[in-house]
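Please take a moment to look over the sequence and the model below, and then follow the text through them step by step.

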Amino acid sequence: MAHRSLRSAAVRLRRLAAWACCRSTDSRDGPDMASGADADRYRSALDALPSATRRVFLLHRAHGLDLATIARRTGQPPAAVEQHLADAILALAKALDAASN
């Protein structure tokens, strides 16, 4: 059961990440699929991430950069970039999953 809800949260996370990729940094409006409570939880969870983790996530998801490029741009080791991305995805999925329970 927990696996199913985590998978559902991951699907919502992918939709919201796609929405985040398409929106301008100043806009708080998104497409219908990202509106409402899920979008608010996503924004809150994204804002709550440590700045380095949020930056890596946005560089990867919103700007489409690969991990090696992010590592070069941020001066972090590739393993640290991977960990930041994993931490962001997990935190965002948990935030969405917690709301659906």
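In this predicted model, a good place to begin is the largest nonpolar core, which has 14 residues, and among these Tyr-42, Leu-46, Val-56, Phe-57, Ile-70, Val-81 and Leu-92 touch the most other members. At least two residues of this core come from each of four helices, namely H2 (37-48), H3 (51-61), H4 and H5 (78-100). Of these, H5 gives the most to the core, with four residues.

From the core we can turn to helix H4, which spans residues 67-74 and in which Thr-69, Ile-70, Ala-71 and Thr-74 are buried. When reading such a list, it helps to remember that an α-helix has 3.6 residues a turn, so residues three or four places apart point the same way. At the N-terminal end of H4, Asp-66 acts as a cap, with a side-chain oxygen lying 3.1 Å from the backbone nitrogen of Ala-68. After the other end of H4 comes Gly-75, which has a positive phi, near 75°.

How do H3 and H4 lie relative to each other, roughly parallel or oblique? Their axes come within 10 Å and cross at roughly 135°. Because angles over 145 degrees would count as roughly antiparallel and those from 65 to 115 as roughly perpendicular, H3 and H4 are therefore described as oblique to each other. The crossing in which H3 passes H4 is right-handed. Where the two helices meet, Arg-55, Val-56, Leu-59 and His-60 stand on the H3 side, while Leu-67, Ile-70, Arg-73 and Thr-74 stand on the H4 side.

One of these residues, Thr-74, deserves a separate look, and its place is in helix H4. Is Thr-74 buried or exposed? Since buried means under 20% relative accessible area, Thr-74, at 19% relative accessibility, counts as buried. The side chain of Thr-74 reaches the backbone oxygen of Ile-70 at 2.8 Å. If residues up to four places away in sequence are not counted, Thr-74 touches Arg-55, Leu-59 and Val-81.

A last stop is Leu-96, which lies in helix H5. With a relative accessible area of 1%, Leu-96 is buried, because the cut-off for that word is under 20%. Leu-96 also shows how the chain can bring together residues that are separated along the sequence, for Leu-96 and Ala-37 are 59 residues apart in sequence and yet 9.4 Å apart in space, taken from C-alpha to C-alpha.

How values were computed. Residues numbered from 1 in each chain as written. Predicted model: local features only at pLDDT ≥ 70, side-chain atom pairs only at ≥ 80, totals over all residues. Heavy atoms only, no water. Buried < 20%, exposed > 50% of the residue type's maximum accessible area, 1.4 Å probe, protein only. Polar contact = N/O pair within 3.5 Å; in protein donor to acceptor, adjacent residues only side chain to side chain. Core = buried A, V, L, I, M, F, W, Y, C linked by side-chain atoms within 4.5 Å. Axes fitted to C-alpha atoms, helices over the stretch in contact; angles between N-to-C directions. Parallel < 35°, antiparallel > 145°, perpendicular 65-115°, else oblique. Left-handed = near helix turned anticlockwise from the far one by under 90°. Contact = heavy atoms within 4.5 Å.
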